[in-house]
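I opened this structure to look up a few things and note them down. Rings, empty space and odd backbone angles are on my list.

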Amino acid sequence: MNAPPRYAPYAGGEAGFRIGLQPLDPADWIEPDDAAAAQFANKARLMRERPGDVVAALPESAAAADEALARLAAYLPARFPDLYRRRGDAMEVRAAGWTVDLADPALPAIARAGLLVQEDLCLMQGDGAGGWRLTAASLCAPSAWRLADKLGQAMPGIHAPVPLYGETLSGRVDRIFTHLRDGAPVWRLNWSVMSDPALFQPGGHDRSAERLAGLTRASAGTRLVLRVERQTLTRLPESGAILFTIKTHIDPLAAIAGRPDLIEGLARAVREMPRDMAAYKALDPIRGPLTGWLDDQRAHQDARLPPS
């Protein structure tokens with residue numbers, strides 16, 4: 001029996017892109033969980049094999065990255081004393097099984113920060129004209145984007161593939177970033193249905209014939225996964241930068257079996273999704289097996305209801 005997903009932003013049936021920011025208790029900034037071993041192992045492998053693909057920092061990010069590292073290094077052992085122990089510049093990360101040298105000159109500060117947490121970290125800095133640029137990141141679980149393609153870009157460039165972002169959301173998002181206050185972080189959720197459970201997916205949704213071979217409505221529950229990102233925005237007061245964190249949750253589609261509210265919400269979101277958003281989420285190649293599985297779950301639930 002699969003545990004139900006921790007987050008289900010599709011439950012309400014919303015089909016388009018929503019900003020959906022909510023206030024975040026600063027104590028809940030970082031979210032350790034049972035996926036720690038796998039997520040830290042993913043970071044270790046990528047840092048060893050593909051460091052240039054997962055860590056990048058522009059020169060102007062140095063002070064802000066140092067501030068982000070210092071803030072995490074103070075927060076983590078205070079908030080999670082069973083998971084973190086600090087001795088001088090040495091931070092023991094028990095869930096990862098390693099100790100991070102917080103002062104290691106061989107690694108950019110954003111890389112050291114990334115080794116402390118399961119989350120990916122993106123540093124956003126104002127461009128002086130009301131916009132915000134990505135200036136540094138530790139990114140080991142991208143979903144259909146490459147760090148090298150986005151580094152140095154402003155928000156419209158980063159979100160160019162998102163339907164109508166430039167026309168309807170760009171100015172609003174920039175204003176949210178500009179007016180975000182220290183001590184008042186916010187968070188949101190983003191979701192996709194994926195055919196590949198891997199954390200590191202920089203090249204886009206894998207909808208190749210090889211990946212989808214044998215995918216049917218009967219097998220969709222175990223072959224497809226729900227990928228949800230918990231994203232937070234935190235102001236760094238000294239530099240004025242914003243630290244954007246991304247925590248990835250991956251559950252088999254079958255995790256929502258037996259949950260009529262989640263089944264119905266996801267079915268409505270898939271059914272009513274605008275064509276451009278469905279293309280962005282690459283839904284069409286998996287739509288048949290996905291909706292078939294959802295229909296079967298709804299029918300199974302209906303069959304269990306007592307007669308009226």
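My entries follow, and they concern a predicted model.

**Entry: aromatic pairs**

I searched the whole structure for aromatic pairs and got six. I looked at Tyr-10 and Trp-191 to begin with. Their ring centres are 5.8 Å apart, and the planes make an angle of 75 degrees. That makes the pair edge-to-face. Where do the two residues lie? Tyr-10 is in the segment before strand E1 (22–23), and Trp-191 is in strand E8 (residues 186–194). The partners are 181 residues apart in sequence, so the pair ties together separate parts of the chain. I also checked burial: Tyr-10 is buried, and Trp-191 is buried too.

Next I took Trp-29 and Tyr-75. I read 5.3 Å between the ring centres and 65 degrees between the planes. The cut-off for edge-to-face is over 60 degrees, so this pair is edge-to-face. Trp-29 sits in the loop between E1 and helix H1 (36–49). Tyr-75 belongs to helix H3 (residues 62–79). The two are 46 residues apart, and their pair links distant parts of the chain. Both Trp-29 and Tyr-75 are buried. I then followed the ring pairs onward: they join Trp-29, Tyr-75 and Phe-80 into a cluster.

**Entry: charges over rings**

Which charged ends sit over the rings of Trp-187 and Trp-191? Over Trp-187 I found the charged end of Arg-230, 5.8 Å from the ring centre. Over Trp-191 I found the charged end of Lys-281, 4.8 Å from the ring centre. I had already met Trp-191 as the ring partner of Tyr-10.

**Entry: the largest pocket**

I asked for the volume of the largest pocket and got about 770 Å³. Its lining has 33 residues. Nearest the centre of the pocket are His-159, Asn-190, Glu-229, Gln-231 and Tyr-280. Which elements give two or more residues to this lining? I listed strand E6 (120–126), helix H6 (155–158), helix H7 (165–179), E8, strand E9 (225–235) and strand E10 (242–252). E9 contributes the most, with five residues. I sorted the pocket lining by class: 21 residues are nonpolar, seven are polar and five are charged.

**Entry: the cavity**

I counted cavities of 30 Å³ or more and found one. The largest cavity has a volume of about 70 Å³. I wrote down its lining: Gln-39, Asn-42, Lys-43, Gln-118, Glu-119, Asp-120, Cys-140, Ala-141, Leu-199, Ile-246 and Thr-248. H1 and E10 each supply at least two of these lining residues. The largest share comes from H1, with three residues. By class, I have four nonpolar, four polar and three charged residues in the cavity lining.

**Entry: positive phi**

Most residues other than glycine have a negative phi. I therefore noted Ala-144, a residue that is not a glycine and has a positive phi of about 70 degrees. Ala-144 is in the loop between strand E7 (132–138) and helix H5 (147–150). Is Ala-144 buried, exposed or partly exposed? Its relative accessible area is 36%, so Ala-144 counts as partly exposed.

My other note is on Ala-282. Its phi is near 55 degrees, again a positive value in a residue other than glycine. I placed Ala-282 in the loop between helix H11 (275–280) and helix H12 (284–304). The relative accessible area of Ala-282 is 16%. The cut-off for buried is under 20%, so Ala-282 is buried.

**Entry: two helices**

In helix H12 I looked up Ile-286. At 0% relative accessibility, Ile-286 counts as buried. I also took the C-alpha distance from Ile-286 to Thr-216: 8.9 Å in space, with their positions 70 residues apart in sequence.

Last, I checked the length of helix H10 (residues 260–272). What span should its 13 residues have? At 1.5 Å a residue I expect 18 Å. The end C-alpha atoms are 18 Å apart, which agrees. I then looked at burial along H10. Leu-262, Ile-263, Gly-265, Leu-266, Ala-267, Ala-269 and Val-270 are buried there.

Notes
Residues numbered from 1 in each chain as written. Predicted model: local features only at pLDDT ≥ 70, side-chain atom pairs only at ≥ 80, totals over all residues. Heavy atoms only, no water. Helix = DSSP H or I, 4+ residues; strand = E, 2+ residues; numbered from the N terminus. Expected span 1.5 Å × (residues − 1). Buried < 20%, exposed > 50% of the residue type's maximum accessible area, 1.4 Å probe, protein only. Phe/Tyr/Trp six-rings, centres within 6.5 Å; stacked < 30°, edge-to-face > 60°. Lys NZ or Arg CZ within 6 Å of the ring centre and 35° of its normal. 1 Å grid on protein atoms, 1.4 Å probe; cavity = no way out; pocket = protein on both sides within 12 Å on 5 of 7 lines; lining within 4 Å. Points joined across faces, edges and corners; volume = space filled by probe spheres on them. Nonpolar A, V, L, I, M, F, W, Y, C, P; charged D, E, K, R; others polar.
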